[in-house]
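Dear colleague,

I am passing on the structure we spoke about, and I would be glad if you could look through it alongside the notes that follow.

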Amino acid sequence: MPQTLLGFDYGRLRTGIAVGQTLTGTATSLVTLQSRNHKPDWDGIDRLVREWQPDGLVVGIPVHMDGTEQEMTKTARKFGGQLKARYNLPVYEADERLSSAEAEQNLGGGQDKAAIDREAARLILQAWLNEQGME
């Protein structure tokens, strides 16, 4: 059964979001939501979940290049837990090492941070789809 997934590049200031489909094995960047008082824009995420009706959610988990956890690792995992509790959907973790650097490179550098976050979410979700054999 084809599934729709939303992918998240979570940050304290902004969250990039992408959508992907298992049928095509592709991800597309959607939007970047600004945090409010260092909290996710839940109203914006609620709207996207209603609109896309995803079967699962993929959250990028930042780690150091050697795979060890960093300060944002726990924060991203907490965000994933909040998504799971709020929407009662499966939440999958994806390694997001270098996603922002690759996003910036894909966009030709000099792009605004919101565009980079959207592209990073797409890269995170695309990598997760690829790992599931959806390429």
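Which residues are buried in helix 2? Please keep in mind that this is a predicted model. In helix 2, the buried residues are Met72, Thr73, Thr75, Ala76, Phe79, Gly80, Leu83 and Tyr87, and what covers them includes strand 1, strand 2, helix 1, strand 4 (56-61) and strand 5 (91-95). The length of this helix is also as expected, because its 17 residues should span 24 Å at 1.5 Å a residue, and the end C-alpha atoms of helix 2 are 25 Å apart, which agrees.

Helix 1, which covers residues 42-52, has Trp42, Gly44, Ile45, Asp46, Leu48 and Val49 as its buried residues, and these pack against strand 1 (4-10), strand 2 (14-21), strand 3 (26-34) and helix 2 (71-87).

Some backbone angles also deserve a look, given that most residues other than glycine have a negative phi. Glutamine 53, just after helix 1, takes a positive phi of about 45°, while asparagine 88, which follows helix 2, has a positive phi near 50°.

Two further cases are found in the loop between strand 3 and helix 1, where asparagine 37 and histidine 38 are placed. Asparagine 37, although not a glycine, has a positive phi of about 55°, and histidine 38, also a residue other than glycine, has a positive phi near 60°. Asparagine 37 counts as exposed because its relative accessibility is 72%, where exposed means over 50%, and histidine 38 likewise counts as exposed, at 57% relative accessibility.

With best wishes

Notes
Residues are numbered from 1 along each chain as its sequence is written. This is a predicted model: local features need pLDDT of at least 70, side-chain atom pairs count only at pLDDT 80 or more; totals for chains, interfaces and linings use all residues. Side-chain values use heavy atoms; hydrogens and water are left out. Buried means under 20% relative accessible area, exposed over 50%, partly exposed in between (1.4 Å probe, protein chains only). Helices (H or I, at least four residues) and strands (E, at least two) are DSSP runs, numbered from the N terminus. Contact means heavy atoms within 4.5 Å. The expected span of a helix is 1.5 Å times one less than its number of residues.
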